[in-house]
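Biologist: Can you pull up the model? I have some quick things to go through.

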Number of protein chains: 2
Amino acid sequence: MLRLSKLTDYAVVVLIRLSDAERASGDAVHTAPGLAVATGVPEPTVAKVLKALAGAGLVVSQRGARGGYRLARPVDEVSVADVITAIDGPIALTACVDGGTGSCDVESMCAVKGRWDLVNDAIHAALTGISLTDMRVASIPLVFRVPASLSAAE
Amino acid sequence: MLRLSKLTDYAVVVLIRLSDAERASGDAVHTAPGLAVATGVPEPTVAKVLKALAGAGLVVSQRGARGGYRLARPVDEVSVADVITAIDGPIALTACVDGGTGSCDVESMCAVKGRWDLVNDAIHAALTGISLTDMRVASIPLVFRVPASLSAAE
DNA sequence: TCCTATCAGGACCCCAATAGTCCTGTTTGA
DNA sequence: TCAAACAGGACTATTGGGGTCCTGATAGGA
């Protein structure tokens, strides 16, 4: 279904939560267990997400006691495309787009060879244009957010 | 990786091939095995793809001896979004967007609840704007993409 | 009218990628 | 020196997709 991995979803949640926590507490560093509790996502999973985000440079890690994670840059400067790339790797809808030419065994008679990049570029542009700030539902308090009624769209 | 299923890729190939075949032969009905040979995609897989396309109304099936499939409407009126919807179901990046509200167990504290639809709409718009005609590589000679000997086998 | 070849439709199974967990090592502050 | 917290890896279970097979239906021919 053109699925996005759940890890990416979690990553967005964690990043926004991290942003809110920094503003609320003034404390720049927050731990993985703390974020896990705040978001409701299992702690090992949060740790895994944060590791990936740290590797991509979206967050900065501080090791040792009193360590934790902090945002590398404001959330409004982070696009959805950045998060997806950090968690899932480069955005590529089909193996044809990113992979080598040898990966597709029907390549020689593939009528659309080289054209998925058109679709790919369109999606990439769409995702780059949306920042994490856009993803945040600003009017509602973070914790215990009201579910249901919001999902009716489309 | 924001992966598109291979079936969708095959579907685009098959649809374009079907369009070419109809114009070339004048015969409106083409069989699944014939299209499989023409595209290089395994026959059962082509059959599966065609079934899904028929269910979505993109192609029309003709059962019985001398049966087969034909396009329900010209390929330039079919968007990539149509094909993806036919094969993979409704375009929904996350379970939050399409599914029921009960599917997400951290729903109550999900900071981005109801906002993936924004991303979803952007992608849907991008995909709707691309037709199968756009996906076709016009510059490559037909004979190279569709070997004459294979085409005659239908 | 019946038989048979042919093709669509549906069911099924296997594999691979992903999600999630756990363990050990390293680092740093108290 | 101890404890807290991240880093990195391996490991396992599960979901979904890819592919195959079988059954039912249809049309043409005898």
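Modeller: One term to start: a polar contact is a pair of N or O atoms within 3.5 Å; within protein, one must be able to donate a hydrogen and the other to accept it, and residues adjacent in sequence count only if both atoms are side-chain atoms. This is a predicted model, where local features need pLDDT of at least 70, side-chain atom pairs count only at pLDDT 80 or more, and totals for chains, interfaces and linings use all residues. Side-chain values use heavy atoms, without hydrogens and water, residues are numbered from 1 along each chain as its sequence is written, and chains are lettered from A and ligands numbered from 1 in the order written.

Biologist: What lies 2.9 Å from a base nitrogen of DNA strand D?

Modeller: A polar side-chain atom of Lys51(A).

Biologist: And the backbone of the DNA?

Modeller: The side chain of Ser61(A) has an N or O atom 2.4 Å from a phosphate oxygen of strand D. For Arg63(B), a side-chain N or O atom is 3.0 Å from a sugar or linking oxygen.

Biologist: Which residues come nearest to DNA strand D?

Modeller: Ser61(A), Tyr69(A), Lys6(B), Leu7(B) and Lys48(B), out of 26 around the strand (near: a heavy atom within 4 Å). Sugar and phosphate make up 64% of the strand D atoms that come within 4 Å of the protein.

Biologist: New topic. How many helices and strands are in chain A?

Modeller: Chain A has 7 helices and 2 strands. Those are DSSP runs, numbered from the N terminus: helices are H or I, at least four residues, and strands are E, at least two. The order is α-α-α-β-β-α-α-α-α.
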